[in-house]
Protein chains: 2
Amino acid sequence: MNKKNESQKTPIRDLGRQGLMDRLSARFTSNNPATVQGPGDDASAACFRDSITVSAQKLSLEGIDFDLSYFPLKFVGYKTAVHAMGQVLAMNATPLQLLVCAGLSQRFYVEDVDQLFLGIEAAAQTYGADIGFVDIQSSYTGLSVAITAVGECDAGLLTRRSGARSTDLICLSGNVGAAYMGLQLLEREKRVFTGETEKDELPNLEGHEYILERYLKPELPKALLDNLKADDIVPTSMCFLTSGLADGTLRIAKSSGTGAKLFADKIPIAKATYDFAETDNNLSPLVAALNGGDDFQMLFTLPLDIYETVSKEYSLDIIGHMCEEALGCTLVTPDGRSLALESPGMENV
Amino acid sequence: MNKKNESQKTPIRDLGRQGLMDRLSARFTSNNPATVQGPGDDASAACFRDSITVSAQKLSLEGIDFDLSYFPLKFVGYKTAVHAMGQVLAMNATPLQLLVCAGLSQRFYVEDVDQLFLGIEAAAQTYGADIGFVDIQSSYTGLSVAITAVGECDAGLLTRRSGARSTDLICLSGNVGAAYMGLQLLEREKRVFTGETEKDELPNLEGHEYILERYLKPELPKALLDNLKADDIVPTSMCFLTSGLADGTLRIAKSSGTGAKLFADKIPIAKATYDFAETDNNLSPLVAALNGGDDFQMLFTLPLDIYETVSKEYSLDIIGHMCEEALGCTLVTPDGRSLALESPGMENV
């Protein structure tokens, strides 16, 4: 929200709740033929014949999932929609419909809602989903956005967290830790802006575009999953990384009844992540990769016997392998030490 | 939340986010065979062969949708789940899975979360749905609960708001206005309790159980819809009443390109609603019925030629008829006057 332009903005009461929803719904176009009923009725409807319906939901809350002082509303919409679709994609399914509920306090204007939905629409278009349901209501304190993604999957392709075998390869769709660094940069610049730190540290986002984009406007590795699918390669297990690589690995191992071994020097970390870490002694790229969160990558397992094919033909990283449950979940450092993988809990509640 | 018992309650950090979700997920049992994957993975999965998937979402926010000083957490869960399922039911579909996201601030304990989910589970069991997805996160200010209902529908049975014809009968599944009265009673007793009104008005909920239950623990007219379905009667349009009868009528008329005529003396209003209205001169049963909200009844239209059958064999009320669009949407009073139907906007934003 741009406070400077409030006088040019339209109060939501000028349109009313229904007027606002009509305005939003009227501009949504269909991105896929599964949609039978879009916004404007009690529910959305889709037709997925002979397939499994896969659904997931993400609730984004102001102050927890996003700070509007540096998180543009358009990106809040984009990221929340991408988060919901990422969870559906992590079952090896195709997200096809989005359901959106937004709770707005009195400080939001019609133009703010437009920005939020521009982001949601952009995400829907990027990944071929339709917006199927929209509801808007009052909120007492801030902005709350709940988005559900509904998708479909052929029965034989459904990939759960529980299917990993003790000999499987552990694969990652791309580098991790960058989004966490983007968040640290934004939080640091916010402290500078609000005068909590020394004046001579001027806001400086330049050169750090990559980590900012990974935090503010993350994308999904849908092309990689589509390529694997096209070649009849079905992961034995898969998990969407939103709470760090350690968390994802522990979830797959626990669900599958196995252990896991990750090799620290195999974990992909972007140069931009290292570059930003050098600006602050408290930042470790490896810790960001393991526990940083918001990576939006896929962590998945593949059978050992396709190692040659997979390592050559796809844009992915093989970072370790599953093992017997009794061996636990460990990280092997370059000097050969084994450290137990740990994931932080829900500290903020 | 019972503040008195806080010392006996378990802080959420003792279990951690994952521990809390595991605890909740472990006790959910399956209520229908469509569920392929329940909580504990990235998304839920269901199999609806040769049918249409129908989904709807409800976001409930503390201070807006519920006041925890008189709204027990169990009922918050129950009502939010019922609201989501009601929207799916209003498409003439069967809700089969629930997706739940809850945002909790630091004042909530594990036992509070248990209460919330006891209500959600009870609603799921009542209507034959499974809980397919659970996510819990921090919240800055209060409790936010987003629930999506996913269901199925035979293609020929899907009922939208847009199918009413200008000669159709307007039907209601049961009485309206009671939930609004329940809310007024609770708000009045809260003011007495907090000392905002005279001391001699002692809290008095006795004798008003019906209107309280309609507000705190509403049910859906699923049996009526099942009966109509069993007799091959498909409504031409349907709308779930959450914002009053006037709002629902206007929505169906607008979507269908028709007008509508309601007869005030045909609108079913419970005796308990009249009884409570007599305690306060500012309360009108008819206004509560038209604009009160939270009725959770179905408003639907049926062809005129089945009037005889419908009026005799089903537990429903015929309250008017659709008409040509040019005639507008009106309420005919017992003395023959026609008043334009109006619905309040989104005043609180």
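Visitor: At about what angle to S4(B) does helix H3 (residues 110-127) of chain B run?

Guide: This is a predicted model: local features need pLDDT of at least 70, side-chain atom pairs count only at pLDDT 80 or more, and totals for chains, interfaces and linings use all residues. Helices (H or I, at least four residues) and strands (E, at least two) are DSSP runs, numbered from the N terminus. Axes are lines fitted to C-alpha atoms, for helices over the stretch in contact, with angles from 0 to 180 degrees between N-to-C directions. H3(B) lies across S4, S5 and strand S6 (144-153) of chain B, and its angle to S4(B) is about 170°.

Visitor: What mean pLDDT does chain A have?

Guide: Residues are numbered from 1 along each chain as its sequence is written, while chains are lettered from A and ligands numbered from 1 in the order in which they are written. pLDDT is the predictor's confidence in each residue, from 0 to 100. In chain A, 94% of residues reach 70 or more, and the mean is 89.

Visitor: What ipTM does the predictor give the complex?

Guide: Two scores are given for the complex. The pTM is 0.91, and the ipTM is 0.90.

Visitor: Which strand gives the largest share of the side of chain A that touches chain B?

Guide: Residues are in contact if their C-beta atoms, placed from the backbone, lie within 7 Å. The contact draws 65 residues from chain A and 64 residues from chain B. Nine residues, the largest share of chain A's side, come from strand S3 (residues 52-61) of chain A.

Visitor: In S2(B), which residue is the bridge partner of A:Ile52?

Guide: Two strands pair if DSSP finds at least two bridges between them. S3(A) and strand S2 (residues 44-47) of chain B run antiparallel, joined by four bridges. In S2(B), A:Ile52 has as its partner B:Cys47.

Visitor: Which strands stand at the edges of the six-stranded sheet?

Guide: This open sheet has the order S1(A)-S2(A)-S3(B)-S6(B)-S4(B)-S5(B), with mixed pairing. Each edge strand has a single partner strand, so one side of each is left without a neighbour in the sheet: these are strand S1 (35-37) of chain A and strand S5 (130-138) of chain B.

Visitor: Which residue in S5(B) stands opposite B:Cys101?

Guide: S4 (residues 94-104) of chain B and S5(B) run parallel, joined by eight bridges. Opposite B:Cys101 in S5(B) is B:Asp135.

Visitor: How many of the 11 residues of S4(A) are buried?

Guide: A residue is buried if 20 or more other C-beta atoms lie within 10 Å of its own, exposed if 12 or fewer, and partly exposed in between, with C-beta atoms placed from the backbone. S4(A) pairs with S6 (residues 144-153) of chain A in the antiparallel sense over nine bridges, and with S5 (residues 130-138) of chain A in the parallel sense over eight. Strand S4 (residues 94-104) of chain A is largely enclosed by the rest of the structure, because its buried count is 11 of the 11.

Visitor: By what turn can chain A be laid on chain B?

Guide: Copies are superposed by least squares on the C-alpha atoms of residues with pLDDT of at least 70 in both. The RMSD is 0.0 Å, the shift along the axis is 0.0 Å, and the turn is 180°. The two copies are thus related as by a two-fold rotation axis, with a turn of 180°.

How values were computed
Two residues are in contact if their C-beta atoms, placed from the backbone, lie within 7 Å.
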